[in-house]
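Thanks for coming, everyone. I'll keep this brief. Please have a look at the model on the screen, and then we'll walk through it.

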Amino acid sequence: MRRADLFIGLGLLAFAGAYYRASFDIAMGFASDRLGPTFFPRLLAAALAACALGLVARAARDRSDPGPLPPVRTGTLVLVVGLTVGYGLALRPLGYPVATALFLAAVIRALGHRDLRTLAGVAVGVTAVLYLVFARALHVLVTMGPLGGR
């Protein structure tokens, strides 16, 4: 049994319980829909609890991988965190589409993918899909920067 799986699973289960409990502090508005504002946080708490229970069960059945953990790529972690901070700072001046495409391309490159055509296609495609879903379908306000608009 990998004890780390057991302890992490129990910790995540406790966090899911605290997160679920915190959802009761969400104020109900005047114009609530049928599901209400607490539905999504409670759904997330339930999903996290289910995953945590699966991790605990796997550790208890001794199904955890007994092999050594892979080495931590600290440099990649620091680079991705730095890129994320830079993305947050670049959103307003560059706008969502440009900043997001550049961010995704940089993260994919940092994670080791080297084919520039695929990298650019994925970055632009994911950005376009996210923009259509959030800005157009869900009417989330996104900054457009020099591209104008919202």
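**Helices, salt bridges, core and patch**

Let's start with helix 2. It has 22 residues, and at 1.5 Å a residue they should span 32 Å; the end C-alpha atoms are 31 Å apart, which agrees. Keep in mind that this is a predicted model.

Which residues of helix 2 are buried? They are P41, A45, A49, A52, L55, V56 and A59. Around the axis they cover an arc of only 125°, so they sit on the same side of helix 2. Now turn the helix over. The face away from the buried side carries F40 and C51, both exposed.

One more residue on this helix: L43, which is in helix 2. L43 is partly exposed, at 43% relative accessible area. Its C-alpha atom is 8.7 Å from that of Y20, and the two residues are 23 apart along the chain.

On to helix 1. Here we have 20 residues, with an expected span of 28 Å at 1.5 Å a residue; the end C-alpha atoms are 29 Å apart, and that agrees. The buried residues of helix 1 are D5, G9 and A16. Seen down the axis, they fall within an arc of 30°, so they line one face of the helix. The face turned away from that buried side carries the exposed residues R3, F7 and A14.

Look again at D5, because D5 is buried, with a relative accessible area of 10%. What does D5 form a salt bridge with? The partner is R58, and the closest N and O atoms are 3.4 Å apart. D5 lies in helix 1, residues 3–22, and R58 in helix 2, residues 39–60, so this pair ties together parts that are 53 residues apart in sequence. R58 itself is partly exposed, with a relative accessible area of 37%.

How many salt bridges does the structure hold? Two. The other pair to show you is D25 and R21, whose side chains meet in a salt bridge at 3.7 Å, N to O. D25 counts as exposed, at 60% relative accessibility. R21 counts as partly exposed, at 49%. The cut-off matters here: exposed means over 50%, so R21 does not reach it.

Next, the core. The largest nonpolar core has 10 residues: Y87, A90, Y96, A99, F103, V107, Y131, A135, V142 and M144. Three helices each supply at least two residues of this core: helix 3 (74–94), helix 4 (96–110) and helix 5 (116–137). Which helix gives the largest share? Helix 4, with four residues. As general background, nonpolar side chains tend to be buried together in soluble globular proteins.

Last, the surface. There is a nonpolar surface patch of about 610 Å². V122, V126, V129, L130, V133, F134, L138 and V140 make it. Pick out L138. Where is it placed? L138 is in the segment after helix 5. Is L138 buried or exposed? Exposed, with a relative accessible area of 53%.

To recap. Helix 1 and helix 2 are tied by D5 and R58. The largest nonpolar core draws its largest share from helix 4. The nonpolar surface patch includes L138. Over to you for discussion.

How values were computed
Residues numbered from 1 in each chain as written. Predicted model: local features only at pLDDT ≥ 70, side-chain atom pairs only at ≥ 80, totals over all residues. Heavy atoms only, no water. Core = buried A, V, L, I, M, F, W, Y, C linked by side-chain atoms within 4.5 Å. Buried < 20%, exposed > 50% of the residue type's maximum accessible area, 1.4 Å probe, protein only. Patch = residues over 30% accessible without salt bridge, like charges linked within 9 Å, V, L, I, M, F, W, Y side chains within 5 Å. Areas by Shrake-Rupley, 256 points an atom, 1.4 Å probe, with all protein chains shown as cover. Salt bridge = Lys/Arg side-chain N within 4 Å of Asp/Glu carboxyl O. Expected span 1.5 Å × (residues − 1). Arc of directions from axis to C-beta.
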